[in-house]
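I opened the structure and kept notes as I went. The entries follow by topic.

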Amino acid sequence: MSSHWERLDPSLRPSVTASVAAFERARPQLVLVTAEMEALVREVMEDADDAPLFVTSRTKTVESFREKASRMVAAEPGAAPALSFPEPLRNLTDMVGVRVITTLPGENANVANLIKRRRNIFDCRGDREKDIGSIESGTYGYSSRHLILRSIQNDVVRAYQDVLDPDTKTNGSYFFECQIRTIFAHAWSEIEHDIRFKAQDPRAWSPYFDRQFTATAAMLETVESAFSELHERYETVTSFWDADGEGAESLTPNRIKAVWQTLLPHVDRKADDDWGWAAELVAAHGLTKTIDLAALLQPEIISNVRKALDHRYSPGPDRLLDDLLLWQFGQRHIDLTAEEASADQTPRRDSLQRRHQQMRRYRKAMGF
């Protein structure tokens, strides 16, 4: 497969050659523009709640510029050959590229919004999701947020413009690309780009590569979704311990259900079950706030209860919550929630007493 330059119509070569020569002459100054744009983006990221993993940049190489400047539009029958970018030094927005690499997909929008709000530094002229593998077509590929930014009255840009065209008045405005993507998408795209687009010999290709790239992109999406869910759950769990925020929320039946399903999703009831029983149990001990329930549902406590009672079957929420309260409050839990000791029949009290004795023996054996 030949390059765009090799396929370029001879009538267009002088124009492209002149553009390449101008680009090569001004590129050292353009490298300084690239460093300046990266520095400005880094400055904006200082205000980010979740700092990106890193910010990097690159200046288009002379070879890459020539290849892109040589692209021709699909000509109509009888029409003269024409370039896709008649004035590449003006038309191309990817000669300077800045990348902001984040941890999770949800951070991409936050980064983009921070950059777009700094109107005294950048003017955002384009904002789109770039996905090699369209969602609508049901295919896969890496996704990233692409901003087309214009610098505003920047002195480093003015110096570049003066080198590029000394006869034109400089304005300090320069279009460049800012790409925002996750570390997973970054790794995938770098490998994919090296193999698919930078192959030394375009004949060295196999359909198997396409299949594998599609498969790894699908796995990438799954992994990112899993990490996003973990992050959201972590943020939610952390909020339960905020005594002045979510932790102060009252333990209504629905609130108990939500906290339980967040902390112990593997020990759950049917979605339509009433959790009023749980509210009554915790209220009996004066546990009325979310932070109280979070403190009760700790892994170490649950582990000790399971070992002490040697559960034959994995208990459901009702039994497990009952046992956790019994572990924490002992005889008091029995007296507050069981039948009176003088009643004719005391099945709950008898069951609680047996479990309480098991817990006491376990505590003694473990030295608690």
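**Entry 1: strand pairing.** I count two strands as paired if DSSP finds at least two bridges between them. The model is predicted, and I read every entry below with that in mind. With that rule I looked up R150 first. Its bridge partner in β5 is F175. L149 came next, and its partner in β5 is F176.

Both pairs belong to a longer match. β4 and β5 (residues 175-182) pair in the antiparallel sense, over 6 bridges. I then asked what β2 does with β5. The two run parallel and are joined by 6 bridges. On that side I noted V98, which stands opposite C178 in β5.

**Entry 2: how covered are these strands?** For β4 (residues 143-151) I found 7 of the 9 residues buried, so the strand is largely enclosed by the rest of the structure. β5 is mostly covered too, with 6 of its 8 residues buried. One general note to self: side chains in a regular strand alternate between the two faces of the sheet.

**Entry 3: the largest nonpolar core.** I looked up its membership and got 40 residues. Those with the most contacts inside the core are M37, M45, I115, F122, Y174 and F176. Several elements give two or more residues to it: α2 (13-45), α3 (62-69), β2 (96-102), α5 (106-117), β4, α6 and β5. Which of them gives the most? That is α2, with 11 residues. As background, nonpolar side chains tend to be buried together in soluble globular proteins.

F176 turns up twice in my notes. F176 is the bridge partner of L149, and F176 is also among the core residues with the most contacts.

**Entry 4: cysteines.** How many disulfides does the whole structure hold? My search found 0. I checked C124 to see why. Its sulfur is 9.2 Å from the closest cysteine sulfur, in C178, and that is too far for a bond; the cut-off is 2.5 Å. From the other end, C178 is in no disulfide, and its nearest cysteine sulfur is that of C124, 9.2 Å away.

Is each cysteine buried or exposed? C124 counts as partly exposed because its relative accessibility is 24%. C178 has 0% relative accessibility, so it counts as buried.

**Entry 5: the second largest pocket.** I read off a volume of about 510 Å³. The lining has 19 residues, and the closest to the pocket centre are L89, R90, Q161, L164 and S173. Which helices feed the lining? α4 (88-91) and α6 (155-164) each supply at least two residues. I also split the lining by type: 8 nonpolar, 6 polar and 5 charged. α6 now appears in two entries, as a contributor to this lining and to the largest core.

**Entry 6: two spot checks on distance.** I picked E46, which lies in the loop between α2 and β1 (54-59). E46 has a relative accessible area of 65%, so it is exposed. E46 and R319 are 273 residues apart in sequence, and their C-alpha atoms are 49 Å apart in space.

The second check was A283, found in helix α10 (residues 276-283). A283 counts as partly exposed because its relative accessibility is 45%. Between A283 and N120 I have 163 residues in sequence and 55 Å in space, C-alpha to C-alpha.

Terms used
Residues are numbered from 1 along each chain as its sequence is written. This is a predicted model: local features need pLDDT of at least 70, side-chain atom pairs count only at pLDDT 80 or more; totals for chains, interfaces and linings use all residues. Side-chain values use heavy atoms; hydrogens and water are left out. Buried means under 20% relative accessible area, exposed over 50%, partly exposed in between (1.4 Å probe, protein chains only). Helices (H or I, at least four residues) and strands (E, at least two) are DSSP runs, numbered from the N terminus. On a 1 Å grid over the protein atoms alone, a cavity is a set of points where a 1.4 Å probe fits but cannot get out, and a pocket is an open set with protein on both sides within 12 Å along at least five of seven lines; lining residues have an atom within 4 Å of a point. Grid points are joined across faces, edges and corners, and a volume is the space filled by probe spheres set on the points. Ala, Val, Leu, Ile, Met, Phe, Trp, Tyr, Cys and Pro count as nonpolar, Asp, Glu, Lys and Arg as charged, and the others, Gly among them, as polar. A nonpolar core is a set of buried Ala, Val, Leu, Ile, Met, Phe, Trp, Tyr and Cys residues joined through side-chain atoms within 4.5 Å.
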